[in-house]
Amino acid sequence: APEEQAEAAGNENAGKLKRVSELGELDIQEGISYSGSQDMYLMALQFFAKTVDAKSEEILSYYNNGDWDGYRSKVHALKSTARVIGAGELSEMARRLEAAANEMDLEYIHEHTDEVLAFFATYKEKLSGL
């Protein structure tokens, strides 16, 4: 029956959200309020995890080419999407890279890009199986 399916899906989502909350890194309430519902939040988390590699490669490509406008645009996007899923620490790290790109503080960018991308990459595993 549809009600039973809905309840099963609800329980499954509750289990997934419990797993996410156990990471202790994501502000789930913030993520749900940005996303609009638990279901939409889980979809946002899945999408975030799926796009880690592609987004990292884009940022690295701009970095390697010294295209600081492109770089700034991509770290800005990372800042925003991280905030939407409640990944406050990652969002703040990306915000600092964006500010450095605005100020052309290449020393900061060179010192911190790898570290931010490495932290970003940990979300692939953390969010796997959602």
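How many residues apart are D69 and R72 in helix α5, and what does that separation amount to in helical turns? They are 3 residues apart in α5, which covers residues 68-84, so about one helical turn lies between them. I'll start from that pair and work inward. Bear in mind throughout that this is a predicted model.

The side chains of D69 and R72 form a salt bridge, with 2.5 Å from N to O. D69 has a relative accessible area of 53%, and the cut-off for exposed is over 50%, so D69 counts as exposed. R72, at 22% relative accessibility, is partly exposed.

The count of salt bridges in the model is 9. I'll go through two others.

The next one is in helix α6. R95 and E92 meet through their side chains in a salt bridge, at 2.7 Å from N to O. R95 and E92 are again 3 residues apart, both in α6, and therefore separated by about one helical turn. As for exposure, R95 is partly exposed at 38% relative accessibility, and E92 is also partly exposed, at 28%. This pair does not stand alone: salt bridges with shared partners connect E92, R95 and R96 in one network. To place R95 against another part of the chain, take E111, which is 16 residues away in sequence. The C-alpha atoms of R95 and E111 are 15 Å apart.

Now a salt bridge between two helices. E98 pairs with K79, and their closest N and O atoms are 2.9 Å apart. This pair links distant parts of the chain, since E98 belongs to helix α6, residues 88-102, and K79 to helix α5, with their positions 19 residues apart. Are these two buried or exposed? E98 has 11% relative accessibility and counts as buried. K79 has 14% and counts as buried too. The cut-off behind both calls is under 20%.

Next, helix packing. Helix α2, residues 28-35, and helix α3, residues 38-50, have axes that come within 8 Å and cross at roughly 100°. Angles of 65 to 115 degrees count as roughly perpendicular, so that is the description for α2 and α3. Which residues make the contact? From α2 they are I28, G31, I32 and S35. From α3 they are Q38, M40, Y41 and A44. Sorted by class, the contact of α2 with α3 holds 5 nonpolar and 3 polar residues, and no charged ones.

Y41 takes us to the interior. The largest nonpolar core has 34 residues, and Y41 is one of those with the most contacts inside it. The others in that group are L26, L45, Y71, L90 and L127. Which elements give two or more residues to this core? They are α1, residues 2-23; α2; α3; α4, residues 52-65; α5; α6; and α7, residues 106-126. As general background, nonpolar side chains in soluble globular proteins tend to be buried together.

Last, L26 as an example from that core. Leaving out residues up to four places away in sequence, L26 touches V20, Y41, L45, I85, G86, A87, Y123 and L127. Among these neighbours, Y41, L45 and L127 are also on the list of residues with the most contacts inside the core.

To recap the salt bridges: D69 with R72 lies within α5, R95 with E92 within α6, and E98 with K79 joins α6 to α5.

Technical notes:
Residues are numbered from 1 along each chain as its sequence is written. This is a predicted model: local features need pLDDT of at least 70, side-chain atom pairs count only at pLDDT 80 or more; totals for chains, interfaces and linings use all residues. Side-chain values use heavy atoms; hydrogens and water are left out. Axes are lines fitted to C-alpha atoms, for helices over the stretch in contact, and angles run from 0 to 180 degrees between N-to-C directions. Helices (H or I, at least four residues) and strands (E, at least two) are DSSP runs, numbered from the N terminus. Angles under 35 degrees count as roughly parallel, over 145 as roughly antiparallel, 65 to 115 as roughly perpendicular and the rest as oblique. Contact means heavy atoms within 4.5 Å. Ala, Val, Leu, Ile, Met, Phe, Trp, Tyr, Cys and Pro count as nonpolar, Asp, Glu, Lys and Arg as charged, and the others, Gly among them, as polar. A salt bridge is a side-chain nitrogen of Lys or Arg within 4 Å of a carboxyl oxygen of Asp or Glu. Buried means under 20% relative accessible area, exposed over 50%, partly exposed in between (1.4 Å probe, protein chains only). A nonpolar core is a set of buried Ala, Val, Leu, Ile, Met, Phe, Trp, Tyr and Cys residues joined through side-chain atoms within 4.5 Å.
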